[in-house]
Amino acid sequence: MATLSGGSTLSTVDSILKEYYLGPVQEQLNNEVLLVSRLESRSEDLVGKAAFVPLHYGRSGGIGSVGESASLPTAGAQSYSRAEYDLKYLYGRVQVTGPSMAKTKSDAGSFLQILRAELDGVRNDLKKDLARQVYGAGDAVVATATAQSWSSGAATSNTFTLASWEPLKKGQIYVGMNLDVVSYSSGTPTVLNSGNCTVTAVTLAAAATSTVTVSFSSQTPTSGWATASLVRAGSVAGQNRYAQGARSNEVDGLQRLITTAAPSSSTAGNSGYQTVGKIDANASQWWDSQRTAVGGALTLQAMQTAANTIRVAGGNTSLIITSLGVMREFYRLLTATTQFITNTGTTDFQAGFQTVSYNGIPVVGDIDAPFGNMYLLDESTLKVFSDQDWHFLDADGLTLRQKADYDAFEAIMVRYMNLGATRRNTNMVLSGITVNGSADAGV
């Protein structure tokens with residue numbers, strides 16, 4: 001291996017990355033994604049690359065009061081089931097070139113700074129994408145198109161009009177991002193772009209007129225692209241969005257664990273939308289989450305009814321999380337009704353989040369939380385399943401390795417994880433909440 005300076009080699013840098021850099025990166029990633037930082041890791045439940053959770057959902061019928069000399073109650077039994085969650089594989093990859101190394105070969109510290117700049121950048125990108133996934137529906141869809149425009153002939157660019165500006169306002173789509181343009185037929189994804197599809201421009205115009213422009217290898221879009229889904233490149237390969245198990249290569253997010261739509265027998269063919277942990281909530285109603293369609297202004301009565309519903313189900317609301325816009329509506333309610341508040345000012349919560357309390361329950365506004373929704377969570381029933389924390393891919397003993405056939409070196413960060421529930425009916429979502437009388441704009 002090439003020598004950097006003063007006896008410092010790439011193997012020395014390799015050790016420094018592991019010992020002095022990885023720890024802070026792990027801590028920052030975990031703490032800055034609110035749900036991941038709050039939910040307990042359950043590596044002991046893993047068997048291979050899946051987590052198995054035993055569930056108790058039914059009581060025995062073998063109890064009763066009888067008269068003297070009468071037959072005893074018929075024996076009964078407890079009812080059990082099992083949820084299964086497959087781990088998803090998350091990666092962050094950085095690269096530095098040989099010339100950049102050469103320019104800093106007289107100073108190993110300078111070379112480390114180059115690596116650190118790239119690693120800090122990918123940490124921030126991982127944080128943003130992980131936050132998107134943990135709030136998502138598990139299908140990897142970042143945005144949905146409602147229209148498109150392209151030039152005639154063998155066009156190499158296409159501009160999509162989005163159904164919502166939410167992913168743009170949250171920074172979930174950005175210039176340089178690699179996407180797949182996907183259409184679905186009976187849940188099976190068809191990737192429409194034959195080459196690498198890269199975002200070249202985004203326009204945040206209005207709720208239903210914001211656009212994303214992409215470029216791709218020589219190809220002409222068709223009318224079928226107009227209502228396509230935009231997903232991160234490679235995230236739906238080999239998957240089916242209606243599958244009982246994996247709907248994509250991304251984690252099962254909050255919108256899958258706690259759904260705004262009730263399960264129905266009419267959606268049996270689309271069971272992926274009502275199935276969590278490979279259990280269909282329509283066939284097993286005890287596995288369904290709680291929901292209320294507010295469809296208007298937030299009220300304290302709606303919040304208290306939701307908390308009461310969770311309590312009746314045997315749960316305990318430990319966290320309320322919502323968008324910044326709905327959080328502002330909650331603040332508005334407090335100005336005249338402070339008897340519900342245990343502290344009227346904001347307090348530091350964790351990882352830079354601030355909160356107030358409602359009946360002793362922390363209420364947090366998060367940039368990445370779904371617009372128009374408020375989630376009341378029993379965190380003891382929600383888990384992060386993971387075999388280990390974020391780590392460098394180093395099975396060959398190398399953290400920093402030369403990229404084959406290139407004058408470049410790379411490091412790859414990885415974590416195998418998924419989100420899941422051990423009980424769903426003690427978690428609830430209030431949906432369709434308006435902000436200032438109109439749709440939630442997230443601010």
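**Exercise 1.** Which residue just after α7 takes a positive phi?

*Solution.* Start at the end of the helix and step onward in this predicted model. Just after α7 you meet G314, whose phi is positive, at about 100 degrees.

**Exercise 2.** Work out how the buried residues of α7 are arranged around its axis.

*Solution.* Begin with the helix itself: α7 covers residues 300-312, 13 residues in total. From first C-alpha to last it reaches 18 Å, close to the 18 Å expected at 1.5 Å a residue. Next, pick out the buried residues, which are L300, A302, M303, A306, A307 and I310. Now look down the axis: these residues fall within an arc of 165 degrees, so they line one face of α7. Here is a handy reminder: an α-helix has 3.6 residues a turn, so residues three or four places apart point the same way. Finally, turn to the face away from the buried side, where Q301, R311 and V312 are exposed.

**Exercise 3.** Find what the buried face of α7 packs against, and place it in a core.

*Solution.* The packing partners of the buried residues are β18 (319-322), α8 (324-334), β20 (354-358), β22 (374-377) and β27 (428-433). Then sort the cores. The largest nonpolar core has 56 residues, and F392 is among those with the most contacts inside it. A second, separate core of 22 residues includes M303 and A307, along with V326 and L430.

**Exercise 4.** Which strand gives the most to the lining of the largest cavity?

*Solution.* The largest cavity has a volume of about 80 Å³. Its lining includes E84, Y85, D86, R256 and N418. Strand β6 (residues 79-86) gives the most, with three residues.

Technical notes. Residues numbered from 1 in each chain as written. Predicted model: local features only at pLDDT ≥ 70, side-chain atom pairs only at ≥ 80, totals over all residues. Heavy atoms only, no water. Helix = DSSP H or I, 4+ residues; strand = E, 2+ residues; numbered from the N terminus. Expected span 1.5 Å × (residues − 1). Buried < 20%, exposed > 50% of the residue type's maximum accessible area, 1.4 Å probe, protein only. Arc of directions from axis to C-beta. Contact = heavy atoms within 4.5 Å. Core = buried A, V, L, I, M, F, W, Y, C linked by side-chain atoms within 4.5 Å. 1 Å grid on protein atoms, 1.4 Å probe; cavity = no way out; pocket = protein on both sides within 12 Å on 5 of 7 lines; lining within 4 Å. Points joined across faces, edges and corners; volume = space filled by probe spheres on them.
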